[in-house]
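This report concerns how chains meet and where empty space remains between atoms. Please keep the sequence and the structure in view while reading.

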There are 4 protein chains.
Amino acid sequence: MDSTMMEAMSKDMMSMPGMATMDMSVLQACMDACSACEQACTVCSTQMMSCAPACMNCADMCNTMMRAMMRMQGMTPASMMAMLDACIAMCQTCMDECMEHADHSEVCKMCAQSCKACMDACMAVRDMIMKAT
Amino acid sequence: MDSTMMEAMSKDMMSMPGMATMDMSVLQACMDACSACEQACTVCSTQMMSCAPACMNCADMCNTMMRAMMRMQGMTPASMMAMLDACIAMCQTCMDECMEHADHSEVCKMCAQSCKACMDACMAVRDMIMKAT
Amino acid sequence: MDSTMMEAMSKDMMSMPGMATMDMSVLQACMDACSACEQACTVCSTQMMSCAPACMNCADMCNTMMRAMMRMQGMTPASMMAMLDACIAMCQTCMDECMEHADHSEVCKMCAQSCKACMDACMAVRDMIMKAT
Amino acid sequence: MDSTMMEAMSKDMMSMPGMATMDMSVLQACMDACSACEQACTVCSTQMMSCAPACMNCADMCNTMMRAMMRMQGMTPASMMAMLDACIAMCQTCMDECMEHADHSEVCKMCAQSCKACMDACMAVRDMIMKAT
């Protein structure tokens, strides 16, 4: 995202309880990972029926997570933690499913890797919030 | 939702671990509450800046929750629990915000009531899954 | 949707060029048809790979259309017309696809009927806007 | 997006009427512009009430457009054209609104620029389809 946008987000977060000390680069990395995971899951959802529902659910959750991070004015530390846990759970579920056909589908393999990266990025934000609160 | 659709969903859930004993009417009530809450939050998000971000975040989460319940093939009991917790947290956050202007905004009051109904419906599904697993 | 919400929407639309004479019941019927179509398409997208991508695309467009009608402050008559045309086109595409397996899939049959109802409801709104502008 | 994903998309499009000759780099640029525009609009929707509804509507449409391009199996040349027209109309509406406060809001200025870039990218895809069909 553009630096102007990040600055606006950062400024708004200064006044939120427990958010002032957020490292914006950790949030930025998480938003990027959510966006990449949504895209990988969306493509993967067209390939085979066995993983399509998990991929679509994960795509929707990643988009919702990304948007929530871009609208932190409407979040609390508690709702952020619950959302991150849900996003991690959906990425885990989709990754587990896609890993079962990773050997014969390059798309599923890529999708599973995007899920793993998104999980890791969400965990990093969760760790940051836990330290701050 | 149409009974044909509910039957298809019910049949698919029979084979899922921990899902076979689900009461479809509890799920149906939750999907309806999520849909109603998404709609109330979407209208409310156009009324004043103080609650708009919370309303938009809640609308997105309610839609994602509803869709996940319609695509149970891509869910596990664990991911369902995490999603329900996140949806409850978002409804709580939005309700708290909208209740602050419920006295002078009928829309915020209605939005807060939709959030409360959605929280209750999600808790009922959560209780059902906890008993089944 | 609740009558309080409809009143708020109606009041806001009074000041929009070309929107003042809108019949709210026609809009309401269209929002309901979009919501029902999104739900039918979401369930149908889990059943077979041949129609899943069309169903998912249609579900997303119906949700986007419904939300836009709930946030008319951000619409113009011209953008409304383009959105309605796109929603009609996506419903047509999904209906055509699902009709091909309507004989052996009750879910596809129901999905096609929801698409048809949504197309008709969008056309009614389009006719209303054309007369008003 | 990852090259593996683009290859899978490209291969699937080979069999679609009127899609075989698509230049994937033009599609890729459009998906990227839709994603960037969704993000800019989402951040901008938290800043002031005057443009928030237009920004939210535009964010939803850009996301729906991006996903449709990632699920071309569910599109026809005709539905692609209608979707592109709708996305262009929503970007135009949001840009017009945000340009009115671009002088005193850096976020609105950035949002308007993202809308313009997304419009241009959609027009490039539209031109490509018109030549191919």
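Which residue of chain D forms a salt bridge with Asp60(C)? The partner of Asp60(C) is Arg67(D), and the closest N and O atoms of this salt bridge are 3.4 Å apart. The model examined here is a predicted one.

## Where chain C meets chain D

The salt bridge of Asp60(C) and Arg67(D) belongs to an interface across which the rule finds four salt bridges. Between chain C and chain D there are also seven residue pairs in polar contact, counted with both residues at pLDDT 80 or more. Two elements of chain C, helix 3 (52–70) and helix 4 (77–99), give two or more residues each to the side that touches chain D. Of these, helix 3 of chain C provides the largest share, nine residues. Sorted by class, the side of chain C that touches chain D has 11 nonpolar, seven polar and four charged residues.

In terms of extent, 22 residues of chain C are in contact with 22 residues of chain D. About 1800 Å² is buried between chain C and chain D, and carbon and sulfur atoms give 64% of that area. On the side of chain C, the residues that lose the most area to chain D are Asn57(C), Asp60(C) and Arg71(C), which together account for 27% of what that side buries. Asp60(C) therefore appears twice in this account: among the residues that lose the most area, and as a salt-bridge partner of Arg67(D), given that the rule asks for a side-chain nitrogen within 4 Å of a carboxyl oxygen.

## Where chain D meets chain A

Chain D also touches chain A, with 28 residues of chain D in contact with 28 residues of chain A. The area buried between chain D and chain A is about 2400 Å², and carbon and sulfur atoms contribute 63% of it. Within chain D, Met5(D), Gln39(D) and Arg67(D) supply 24% of the area buried against chain A, more than any other three residues.

Which residue of chain A meets Arg67(D) in a salt bridge? The side chain of Arg67(D) meets that of Glu38(A), with a distance of 2.9 Å from N to O. Arg67(D) thus has a salt-bridge partner in chain C, Asp60(C), and another in chain A, Glu38(A). In total, four salt bridges are counted between chain D and chain A, along with 10 residue pairs in polar contact, both residues being at pLDDT 80 or more. The side of chain D that touches chain A receives two or more residues from each of helix 1 (3–13), helix 2 (24–44), helix 3 (52–70) and helix 5 (106–132) of chain D. By class, this side has 12 nonpolar, nine polar and seven charged residues.

## The enclosed cavities

Rolling a probe the size of a water molecule over the atoms shows where empty space is left. The structure holds seven cavities of 30 Å³ or more, and the largest cavity contains about 190 Å³ of space. It is lined by 16 residues, of which Asn63(A), Asn63(B), Asn63(C), Asn63(D) and Arg67(D) are the closest to its centre. Helix 3 of chain A, of chain B, of chain C and of chain D each give two or more residues to this lining. The lining of the largest cavity has no nonpolar residues, but eight polar and eight charged ones.

The second largest cavity has a volume of about 70 Å³. Among its 15 lining residues, Arg71(A), Met56(B), Arg67(C), Arg71(C) and Met56(D) lie nearest its centre. Helix 3 of chain B gives the most to this lining, with four residues. The lining of the second largest cavity divides into six nonpolar, three polar and six charged residues.

## The largest pocket

How much space lies in the largest pocket? The largest pocket holds about 290 Å³. Its lining comprises 18 residues, and Gln73(C), Gly74(C), Met75(C), Ser50(D) and Glu97(D) are the closest to its centre.

Helix 3 and helix 4 (77–99) of chain D each supply at least two residues of the lining of the largest pocket. Helix 4 of chain D gives the most, with three residues. By class, the lining of the largest pocket has eight nonpolar, seven polar and three charged residues.

Note on methods:
Residues numbered from 1 in each chain as written. Chains lettered and ligands numbered in written order. Heavy atoms only, no water. Contact = heavy atoms within 4.5 Å. Buried area = accessible area lost by both parts, 1.4 Å probe. Polar contact = N/O pair within 3.5 Å; in protein donor to acceptor, adjacent residues only side chain to side chain. Nonpolar A, V, L, I, M, F, W, Y, C, P; charged D, E, K, R; others polar. 1 Å grid on protein atoms, 1.4 Å probe; cavity = no way out; pocket = protein on both sides within 12 Å on 5 of 7 lines; lining within 4 Å. Points joined across faces, edges and corners; volume = space filled by probe spheres on them.
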